[in-house]
Amino acid sequence: MTTSDRIPIAVAPLPGEALESWIGAYARRLRVTNNTFFTAVGLAGSRTSHLALRLTTDEVAALERATGVGRHVLTGMTLEPYDGLAVAILPDQRKLSRPPAWRFSGSRARYCPACLGENAVRGPVFWRLPWAFACTTYRTLLLDLCPDCHRAPNPWKARRLGPRQTGACTRDGSNVGFRAACGADLTQAPVTPLPATGLILAAQRHITTLLAAEAPSRPAALAEFKRLYALAWRILRGLHTVADRAPEAVHTVLAECGGVLPQLTSEDVGHDAHNAAIGTALARIALHPGHADHEALFDWILEADRSLLKRQKNNMGAMAGRWTWSGPELVERVLAKLDPDATLHARLRYGSASPRPRWPELTAASITHRAAMTPAMLWPG
């Protein structure tokens, strides 16, 4: 279909490309800025950061009319398909809040230097997700920051002040009154290589499968993400408290990531690719059987969890209650692990010695009713 509003030069989106990457590529192809591109398609004053999250009906129509790209493809380049699974977009405004499972990481994208170089500085929407930490094509950790200015580089933005070369960091200079871009060549940024058959890449492939879940499978995928995160943040905090007692799997994953401990802030674990890679890879081992350290790693995670408490608690309910957000599967495992040191009353209450421990869910009325029936059950006469 051709209309009088169609831009005569077409730039087709790459498979899985992020909307802001495509907009930047289109603007560079037309030799204009992002803002000029928006004016040309009838969206003057629009912000790329808003469109990249969710497109309105008018925005989809304008982009489809001017570029010929279908609305389903345009929507697929935004974060909207991942809303409620990997990201959380505030319903009444186009801003991100804390993801359903992982620490808030803002709206910036990670990047793979080799992919930027191969694809003319274009990249996938996958890089925008907090669960993206490795490039499975070039087998490297993704990067978060520019190697020169140490800020999120935004390589997709076409701006009036440059830089003109593709693959350069577009962030403003840090000096007061100096607005020229950093200009560092992001395609040559140093990376951490990953072993082809290692635990980090295996974890990233597992995450990619979860992210591709169709609508009927999304609840199960979200439940998996919650379990992974519940384990991951305890692992990352535990590396700074009980690392000396960690099983071999922990040292293996650390070695894959360059042998450097992940960053730890005063409030939470870091949200960079390094943290996400270590936490997710080890959480996957602890969650799914098959690795030699599956059980030993879970035991160590429980030890790490205890180390985070200001006052040590041996109360089974208090310890297991810290896991309820992640769902019943992990709660059952925690109860089973706590059973040997529990009181008889606690073991009966939580069924921790049984094959399927459970969190008590009876209401007060149900408990009272059962108690009233007990004498008749013991003494039928």
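I take buried to mean under 20% relative accessible area, exposed to mean over 50%, and partly exposed to cover what lies in between. I keep in mind throughout that this is a predicted model.

**Entry 1: cysteines**

With those classes fixed, I looked up Cys182 and noted that it is partly exposed, because its relative accessibility is 27%. I then asked which cysteine sulfur is closest to the sulfur of Cys182. The closest is that of Cys146, at 3.8 Å, which is too far for a bond. I repeated the search for Cys169, whose closest cysteine sulfur belongs to Cys149, again at 3.8 Å and again too far for a bond. Cys169 is buried, since its relative accessibility is 0%. The cut-off I need here is 2.5 Å between the sulfur atoms of a disulfide, and by that rule I count 0 disulfides.

**Entry 2: overall make-up**

I recorded 15 helices and 4 strands for the protein. Of its 381 residues, 46% count as buried. I also looked at how contacts are spread along the chain: among those with a separation of 6 or more, 61% join residues that are 24 or more positions apart.

**Entry 3: nonpolar cores**

Which residues touch the most other members of the largest nonpolar core? In that core of 92 residues, I found that they are Trp127 and Ile200. A second core, separate from it, has 21 residues, and I noted Trp22, Ile23, Phe38 and Leu43 among them.

I listed the contacts of Trp127, setting aside residues up to four places away in sequence, and found Arg108, Ala109, Arg110, Tyr111, Cys112, Cys115, Leu116, Ala132, Leu142 and Trp156.

From that list I followed Cys112, which sits in the loop between strand 2 (96-97) and helix 6 and is buried, with a relative accessible area of 0%. Beyond its neighbours within four places in sequence, Cys112 is in contact with Trp127, Cys135, Tyr138, Thr140 and Leu142. For one of these partners, Tyr138, I noted a C-alpha to C-alpha distance of 8.3 Å from Cys112, with their positions 26 residues apart in sequence.

**Entry 4: the loop between helix 6 and strand 3**

I looked up two residues of this loop, Leu129 and Val121; the flanking elements are helix 6 (113-118) and strand 3 (134-135). Is Leu129 buried or exposed? I found Leu129 to be buried, because its relative accessibility is 1%. Leaving out residues up to four places away in sequence, Leu129 touches Leu79, Tyr82, Ala86, Val87, Arg110 and Leu211. Leu129 and Val87 are 42 residues apart along the chain, yet I read 7.0 Å between their C-alpha atoms.

Val121 is likewise buried, at 1% relative accessibility, and its phi is near 65°, a positive value in a residue other than glycine.

**Entry 5: another positive phi**

I also noted His150, which is not a glycine but has a positive phi of about 60°. I located His150 in the loop between strand 4 (140-141) and helix 7 (199-211). His150 counts as exposed, because its relative accessibility is 53%.

**Entry 6: the second largest pocket**

How much space lies in the second largest pocket? I noted about 490 Å³ for this pocket. It is lined by 23 residues, of which Leu142, Leu143, Asp144, Asp272 and His274 are the closest to its centre. Sorting the lining by class, I obtained 12 nonpolar, 7 polar and 4 charged residues. Leu142 had already come up in my notes as a contact of Trp127 and of Cys112.

**Entry 7: two further residues**

I placed Ala10 in the segment before helix 1 (19-30), where it is exposed, with a relative accessible area of 62%. The C-alpha atoms of Ala10 and Val69 are separated by 9.2 Å, although the two residues are 59 apart along the chain.

I placed His251 in helix 9 (residues 248-256) and found it partly exposed, with a relative accessible area of 36%. Apart from its neighbours within four places in sequence, His251 is in contact with Ala243 and Ala246.

Note on methods: Residues numbered from 1 in each chain as written. Predicted model: local features only at pLDDT ≥ 70, side-chain atom pairs only at ≥ 80, totals over all residues. Heavy atoms only, no water. Buried < 20%, exposed > 50% of the residue type's maximum accessible area, 1.4 Å probe, protein only. 1 Å grid on protein atoms, 1.4 Å probe; cavity = no way out; pocket = protein on both sides within 12 Å on 5 of 7 lines; lining within 4 Å. Points joined across faces, edges and corners; volume = space filled by probe spheres on them. Nonpolar A, V, L, I, M, F, W, Y, C, P; charged D, E, K, R; others polar. Contact = heavy atoms within 4.5 Å. Core = buried A, V, L, I, M, F, W, Y, C linked by side-chain atoms within 4.5 Å.
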